[in-house]
Number of protein chains: 2
Amino acid sequence: MEKVRIGIIGIGNMGSSHARQLINKAVIGGELVAICDSNPDKLKWAKETLGESVKRFDNTEDFFAFDNIDAVIIATPHYDHPVMAIEAFSKGLHVLIEKPAGVFTKKVREMNEVAANTDKVFGIMYNQRTNPLYQKLKDLIEGGELGEIKRTNWIITSWYRPQSYYNSGGWRATWAGEGGGVLLNQDPHQLDLWQWTCGMPVRVRAFCGFGKNHNIEVDDDVTAYVEYENGATGVFVTSTSDTPGTNRFEVTGDNGKIVIENDTLTFWRNRVPERQFNAEFTGGFGSPECWKCEIPINGKTTDHLGIMQNWVEAILKGTKLLAPGEEGIRGLTISNAMHLSAWTDNWVDLPMDEDLYIEKLNERINNSKFKKEVSNVSNLDISGTF
Amino acid sequence: MEKVRIGIIGIGNMGSSHARQLINKAVIGGELVAICDSNPDKLKWAKETLGESVKRFDNTEDFFAFDNIDAVIIATPHYDHPVMAIEAFSKGLHVLIEKPAGVFTKKVREMNEVAANTDKVFGIMYNQRTNPLYQKLKDLIEGGELGEIKRTNWIITSWYRPQSYYNSGGWRATWAGEGGGVLLNQDPHQLDLWQWTCGMPVRVRAFCGFGKNHNIEVDDDVTAYVEYENGATGVFVTSTSDTPGTNRFEVTGDNGKIVIENDTLTFWRNRVPERQFNAEFTGGFGSPECWKCEIPINGKTTDHLGIMQNWVEAILKGTKLLAPGEEGIRGLTISNAMHLSAWTDNWVDLPMDEDLYIEKLNERINNSKFKKEVSNVSNLDISGTF
């Protein structure tokens, strides 16, 4: 294969952006050959913007019956990600799903099982994994430079969304349509990077505000506490109603502290590990000598384009995926656990009770009295978001 | 009265430091006339350092029988603060207590009731209230500049204490001797400044590690989540085992965000309040214009000396107290609520069940199997701490 013939399902904010990049030949080895969306306005947009050479489908049955496709990018509302991925795998297609991997882990687990039984390439749009700051953090932790992790603190309140954002789509910020709020729509990148660099927690206690600051029914404000297997603890604070928000990720280990804030990574490194100092020092007040280290950060964030390029190269040349689709379940597990903890006002141990999650989610879908006033906004300009 | 004749009970780390400042005439209008400590080594130190003119007592009965005292500074272990204060008020003395106000709120409430029925001046050594950074934060919040508070986040993990610190005193870090760990010994300043600037929470959910990273039985690692009456939320993360730690206090309001870190206060101010922007903006993605403002910080931290001077002036001239003793109960209430939440693995609503707290504390005192290896360290050098 010399070229990967790509179809895109879902021409919303993200799908239309990916389509534009593909049609502009930004992804070497990737060619957009078809799109699918049930909305006539999106099909009209596609015709005008992408040209007649890109086949347009208004239903997935016809789309999946189209033979001249090797791979599909799934950019539908979240619930459909695993449903479409499973369908695509059954048609022998390579798959790249938008984040989150789905709404509830049970369905995502099913998708992963199907994926495991194919030889197709399965990626997820965790474009923030292309950010060299987080790659370096992962490198420093995995390389043992930080020592055993003691504490992780991520304040990620820089996801401000005004009411008009929520009014831009009927599915948005409803239990039935989106299945969650800030945790499911805005935070998947951070939830993934958190576990990608620091590992998965073993239990979660979360406090969520649902429609606290917006006229929506899902979470727009979350504080969560987690514990890791080694006894380390963590905090995750997020919101779509703080402005200006904060994006500050701090990880403390035996050898010091790393902070990522303002697009900068700083490593404060102890000359002697803390546990060793603690055992040996006899002076009462005192602490290890600490060096503020400037860590070189090479490369740049290649973002959605980087993920698409990596996925295409994995298909064409067997290149290793930076963001394997199977890993999407991890961040979603944390997200589901946070919701469930808030709903039950209790701890959630991992692995969690996936059926209980679905039961509680369905209660919210069935009891929803939410009527949304949808404004006539077409695709939003996503520059500046991810 | 032209001079306040001061006695000090407890010549440990803090008491000896205050004695030195008084004997050096650092407090205008204040004169050290007596000290009291049961430890012969401390009395020997007092004789050699403070001179013969300062009367020495090895028991409080004799100390309180000494007539030539107007006021007393109480720098004993925490449990005795309210006990001694009540005794001092009954002798007609003005009182300045070290922090914390006590170990459990019920006794502190009793102290406050006694104080309310005297005309004596009652202060508490909340020396961090003299820090112009926190004074400015309080000013900006009370002046309405920040708008209604939405979120408070204090990461105060810069209280590193190695094991040898805990080994320096037999009473330290035991339930019977000290009644708590980092919350009771190191954090009272931050717990006070938190409520002083942002108000009291209405409920608390805390997660404490007890002897998690040290050979002690009390808390050395705490993460707490709080909720305020207006719906705002807060997080308080503290530890004596992180090094280098963090001291970062962030308060978010309708009009922006204030961060105090690295001895600097920064105010990001929205041109239009967030709630107004949220209601009026129609563009989907967007946020209010925000200005990073340099706020002038005048004056300097006068610390223990400032509190002692203010207390002496209150006695001599009726000057308003910066840190009234009665307010010590507030930070202690948050501290007690955090302990109780961790012990019961549940929410604690404020006002809390004070008797339940005492019951749970006594269980820990009675069940303590903790034997401490006390090293032969005399008073520690407290320069660099507060």
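The following exchange examines how several descriptions of this predicted model are justified.

User: Why is the contact of A:Glu274 with A:Lys150 called a salt bridge?

Analyst: A salt bridge requires a side-chain nitrogen of Lys or Arg within 4 Å of a carboxyl oxygen of Asp or Glu. The closest N and O atoms of A:Glu274 and A:Lys150 are 2.7 Å apart, so the pair satisfies that criterion.

User: What makes this pair a tie between separate parts of chain A?

Analyst: A:Glu274 belongs to helix α10 and A:Lys150 to strand β7 of chain A, so the bridge ties together parts that are 124 residues apart in sequence.

User: How do you know whether A:Glu274 and A:Lys150 count as buried or exposed?

Analyst: Buried means under 20% relative accessible area. A:Glu274 has 0% relative accessibility and therefore counts as buried; A:Lys150, at 14%, therefore counts as buried as well.

User: Which class applies to each partner in the salt bridge of A:Asp345 with A:Arg205, and why?

Analyst: A:Arg205, at 2% relative accessibility, counts as buried. A:Asp345, at 39%, counts as partly exposed, because that class lies between under 20% and over 50%.

User: Why are β14 and β15 of chain A said to stand at the edges of the sheet?

Analyst: Nine strands form an open sheet in the order β14-β13-β12-β11-β7-β10-β9-β8-β15 (chain A). Strands β14 and β15 each have a single partner strand, so one side of each is left without a neighbour in the sheet.

User: What makes the relation between chains A and B that of a two-fold axis?

Analyst: A turn of 180° with a shift of 0.0 Å along the axis lays chain A on chain B with an RMSD of 0.0 Å; that is therefore the relation of a two-fold axis.

Methods: Residues numbered from 1 in each chain as written. Chains lettered and ligands numbered in written order. Predicted model: local features only at pLDDT ≥ 70, side-chain atom pairs only at ≥ 80, totals over all residues. Heavy atoms only, no water. Pairing = 2+ DSSP bridges. Helix = DSSP H or I, 4+ residues; strand = E, 2+ residues; numbered from the N terminus. Least-squares fit on C-alpha atoms with pLDDT ≥ 70 in both. Buried < 20%, exposed > 50% of the residue type's maximum accessible area, 1.4 Å probe, protein only.
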